[in-house]
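Trainee: I'd like to learn how to read a model like this one, feature by feature. Can we take it slowly?

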Amino acid sequence: MSQPVKLHCLADVCIIPIGTGSASVSDEVAKVQLYLEKSGIKHTLHSAGSTLEGEWSECCNVIGQLHEMLHKEGVLRVQSDIRIGTRTDKSQTAQDKIDIVQEKMKKGFN
């Protein structure tokens, strides 16, 4: 049958709780971040979500777990926007990608 996907990826995910009774979602964002810390997956918080780093199956599984956790917390509907990138020519972390762009910005363009 199907095997877990072992391909390394960077998964940018924005978890959107719907029906919380408030326009603010900072409580849910904090719960998501605490869950990610406990999960052990490498992650980086940013202003519109989190970037997860790991095997494809692991990242997707954690996203599903986040949905389950928020539902258990009483959120009736959870939507996720997910963008996943992979590459096979080299290993690259989210920080590597940021560092490369910042280095190019320092050099400038003519």
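## Cysteines and disulfides

Mentor: Let's begin with one cysteine: at 24% relative accessibility, Cys14 counts as partly exposed. Keep in mind throughout that this is a predicted model.

Trainee: How many disulfides does the structure hold?

Mentor: The idea first: a disulfide is a covalent bond between the sulfur atoms of two cysteines. Here the count is 0. Cys14 is in no disulfide, and the nearest cysteine sulfur, in Cys60, is 16 Å away.

Trainee: And why does Cys59 have no bond to Cys9?

Mentor: For that you need the cut-off: the two sulfur atoms have to be within 2.5 Å. The sulfur of Cys59 has its closest cysteine sulfur in Cys9, but the gap is 3.8 Å, so that is too far for a bond. As for its surroundings, Cys59 is buried, with a relative accessible area of 0%.

## Salt bridges

Trainee: On to charged side chains. How many salt bridges does a search of the whole structure find?

Mentor: The thing to look for is a Lys or Arg side-chain nitrogen within 4 Å of a carboxyl oxygen of Asp or Glu. The search turns up 5 of them. One of these joins Glu55 and Lys6, at 3.9 Å from N to O. Those two come from distant parts of the chain, 49 residues apart: Glu55 sits in strand S3 (residues 49–55), and Lys6 in the segment before strand S1 (8–18).

Trainee: Is Lys6 buried or exposed?

Mentor: Remember that exposed means over 50% relative accessible area. Lys6 comes out at 58%, so it is exposed. Its partner Glu55 has 33%, which makes it partly exposed.

Trainee: Which side chain does Glu73 meet in a salt bridge?

Mentor: That would be Lys31, at 3.1 Å from N to O. This pair also links distant parts of the chain, 42 residues apart: Glu73 is in the loop between helix H2 (56–72) and strand S4 (77–85), while Lys31 is in helix H1 (residues 26–39). Glu73 is partly exposed at 47%, and Lys31 is partly exposed at 31%.

Trainee: What about Lys42 and Glu53, where do they lie?

Mentor: Their side chains form a salt bridge too, with 3.8 Å between N and O. Lys42 is in strand S2 (residues 42–46) and Glu53 is in strand S3, 11 residues apart. The two ends have unlike surroundings: Lys42 is partly exposed at 47%, whereas Glu53 is buried at 8%.

## Strand pairing

Trainee: Next, the strands. How many bridges are there between S1 and S3?

Mentor: Two strands count as a pair if at least two bridges are found between them. S1 and S3 have 6, in the antiparallel sense. Take His8 as an example: its bridge partner in S3 is Glu55. You met Glu55 a moment ago, in the salt bridge with Lys6.

Trainee: In which sense do S1 and S4 run?

Mentor: They are antiparallel as well, joined by 9 bridges. Among the residues involved, Leu10 has Gly85 as its bridge partner in S4.

## The largest pocket

Trainee: How much space lies in the largest pocket?

Mentor: About 440 Å³. It is lined by 22 residues, and those closest to its centre are Leu10, Ala11, Thr51, Ala94 and Lys97.

Trainee: Which element gives the most to the lining?

Mentor: S1, with 5 residues. At least two residues each are supplied by S1, S2, S3, S4 and helix H3 (94–107). When you read a lining, also sort it by class: this one has 6 nonpolar, 9 polar and 7 charged residues.

Trainee: Can we zoom in on Thr51, is it buried or exposed?

Mentor: Thr51 lies in strand S3. The cut-off for buried is under 20%, so Thr51, at 14%, is buried. For a sense of distance, the C-alpha atoms of Thr51 and Val29 are separated by 13 Å, with their positions 22 residues apart along the chain.

Trainee: One last residue: where does Asp96 lie?

Mentor: In helix H3. Asp96 counts as partly exposed, at 30% relative accessibility. From Asp96 to Gly40 is 20 Å in space, C-alpha to C-alpha, and 56 residues in sequence.

Key
Residues are numbered from 1 along each chain as its sequence is written. This is a predicted model: local features need pLDDT of at least 70, side-chain atom pairs count only at pLDDT 80 or more; totals for chains, interfaces and linings use all residues. Side-chain values use heavy atoms; hydrogens and water are left out. Helices (H or I, at least four residues) and strands (E, at least two) are DSSP runs, numbered from the N terminus. Buried means under 20% relative accessible area, exposed over 50%, partly exposed in between (1.4 Å probe, protein chains only). On a 1 Å grid over the protein atoms alone, a cavity is a set of points where a 1.4 Å probe fits but cannot get out, and a pocket is an open set with protein on both sides within 12 Å along at least five of seven lines; lining residues have an atom within 4 Å of a point. Grid points are joined across faces, edges and corners, and a volume is the space filled by probe spheres set on the points. Ala, Val, Leu, Ile, Met, Phe, Trp, Tyr, Cys and Pro count as nonpolar, Asp, Glu, Lys and Arg as charged, and the others, Gly among them, as polar.
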